[in-house]
Each structure stands twice: as C-alpha cells, then as structure tokens.
Amino acid sequence: MLLNGEIMVGTVIKSIGGLYTVRSFDSILECKARGVFRKENVSPVVGDSVEVSNGVISKILPRKNFIVRPPLANLDAMVFVVSTTKPSPNLTMLDKFIAVCEYKNITPMVAITKIDLADYNKVSTIYNSIGVKVFTIDYSQPQSYLALKDILSNKISAFTGNSGAGKSTLLNAIDSSLNLPTGEISEKLGRGRHTTRHVELYQLDNNALIADTAGFSTFETNRYDIIKKENLAHCFREFIPYLGKCRFNDCSHTKEKGCAIIEAVQSGDIPKSRHSSYCEMFENAKLIKDWEL
C-alpha cells in the first residue's frame, strides 16, 4: 500500500546483515533501516510491519508481540515439531516454550513426527487434554499435514523444535516449492545438524507466512522472554479454572496443602508432566532479580 504516493507499508520477510527484504501486497524490495533505530536500541525484525520511504525503513509499526531469539514479531501461531524418537520428546522444554507463547498471546500448536517409529499417544493425549491443537504427521496421509497448512492460512507462524525432529521436512511436505535443506541425523548425538542459518518468512499459496527457525535445543527460554513467578500460573491454560480456589491466597501451586491445582493434578485433571514443568519454571523464576528484567 502507498501512502501519499511516497511511503510503502509492508512486512519484513527476511533480515541478513542489516539488509531487510520487505514485501507489500504488490512488490518486494531490499532496503536498509534508518540509523536512528540503532540509537534507540531497536531494529526491525522479521515479521515487523514497517513503513519504507525513499528505499529506507523509516518506521516500525506497533508490534502485537515480539520474541528475542529467533528475532520475530507479530506471530499468530508457533508450531512445535516434536518427534517420537531421535530425538525423543523433551516435554519440559516444550512446556516452557508453550508458556512463553501463552504469555505473548501466540497460539501454540504441536506437530508430532516419526509416528511410525515410536508411540505418540502420550504426547498427543497430554496436549489435546489442555486444548492445544495437535497434528500427528503421517506422510502417507497428506491430509495429516495439509490440515496444519489450512489452519495457518493468512497467519504469520513459526516452526521450531529440537534439531532432527523434522521441521524442514514437514515444511517441504506442506509446500514442495520451499525446497528447504534438511539435515541428516547424527547417530552419535541422536539429533540433527543445524540446517537453518537465518530467519526468513516463506509465503505459501494460501497466504500463510511461515518461518523455519533453528532448533530450540540450543536456546534458553529466557532468551524468548522472562516470565515473573506471579504471572507463570496464568501461562498454563489448564491451571486457570483453579486459580483463586486455593486455601492460601499466596499459594505458589508447587507444594502447599489445600492447593486446588495440586488436587487437580492428583485427580488426573491436570497432567503431572505439565505441573512438573511449572514447578521447575517457578523455581527458576524465583531466582530472577528485578534488575535483570
């Protein structure tokens, strides 16, 4: 779109070495950003809506969300690709990232791969039970991954997960024109070599914009964002119906008697693995000092 015939509004779809690729509805151009952004300690990132004037990004429009690593803005959804084996699921890491999504108002989804190699029912049951959309990917059944493509239509989404889980393979199945490189599994390490070198939004034929990011096995969740301990319970969606029903108003939901959430875990209404992840995150959050925020 053009404003006053001079300013173009578009979306940053690629960023490498200070050079940005911006897509509007009718054009794509490469440009740099104004130097003033560096002085303000901010810079455009992939997913940003920006104004371009005279071939230079002159303004970053307000973001609805932002994650630090990988640097992405305005995400509607994040798809966590989890393999049944090689590598095995790391549910604690997955829960940490899902909590960040909840905190950032990004819709989390889970795509389970390698379902022919090991049982996937545990992972599927846990996340279906809390209302997270789960896709079991069977490449002999195209609808299993095309259903995921359909739900991402007209959204900005990111795919992430442990290296070797099959992110790029899944994206190539969703849209063969992407032709993303895939890595061989290291038998010694049981995980894949990193094949994703930068963040880029790829446009699909249903107007979905999708980022294939590096594996999160190398990331720390506090690189995404720090969730204070008093906000953490709200980032576990299955906890919310029980909040305010504990015996103590300052209940941490980790070990107190009369905790409604712990009682729900004991009765099977909240998955034990989810509560264990919460407790670990809560203990880490207690160590965060205000000045670190």
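Trainee: How many cavities of 30 Å³ or more does a search of the whole structure find?

Mentor: This is a predicted model, where local features need pLDDT of at least 70, side-chain atom pairs count only at pLDDT 80 or more, and totals for chains, interfaces and linings use all residues. Residues are numbered from 1 along each chain as its sequence is written, and side-chain values use heavy atoms, leaving out hydrogens and water. A cavity is a set of points on a 1 Å grid over the protein atoms alone where a 1.4 Å probe fits but cannot get out. By that search, the number of cavities is one.

Trainee: Which residues lining the largest cavity are the closest to its centre?

Mentor: Lining residues have an atom within 4 Å of a point. There are 12 of them, and the closest to the centre are Val81, Val82, Pro89, Asn90 and Asn162.

Trainee: Is Asp48, which meets Arg63 in a salt bridge, buried or exposed?

Mentor: A salt bridge is a side-chain nitrogen of Lys or Arg within 4 Å of a carboxyl oxygen of Asp or Glu, and buried means under 20% relative accessible area, exposed over 50%, partly exposed in between (1.4 Å probe, protein chains only). Arg63, at 29%, counts as partly exposed. Asp48 has a relative accessible area of 0%, so Asp48 is buried.

Trainee: Good, and how far apart in sequence are the parts that Asp205 and Lys149 tie together?

Mentor: Their side chains meet in a salt bridge at 2.9 Å, N to O. Lys149 lies in helix 4 (residues 143-151) and Asp205 in the loop between strand 15 (201-203) and strand 16 (209-212), so the parts tied together are apart by 56 residues.

Notes. On a 1 Å grid over the protein atoms alone, a cavity is a set of points where a 1.4 Å probe fits but cannot get out, and a pocket is an open set with protein on both sides within 12 Å along at least five of seven lines; lining residues have an atom within 4 Å of a point. Grid points are joined across faces, edges and corners, and a volume is the space filled by probe spheres set on the points. Helices (H or I, at least four residues) and strands (E, at least two) are DSSP runs, numbered from the N terminus.
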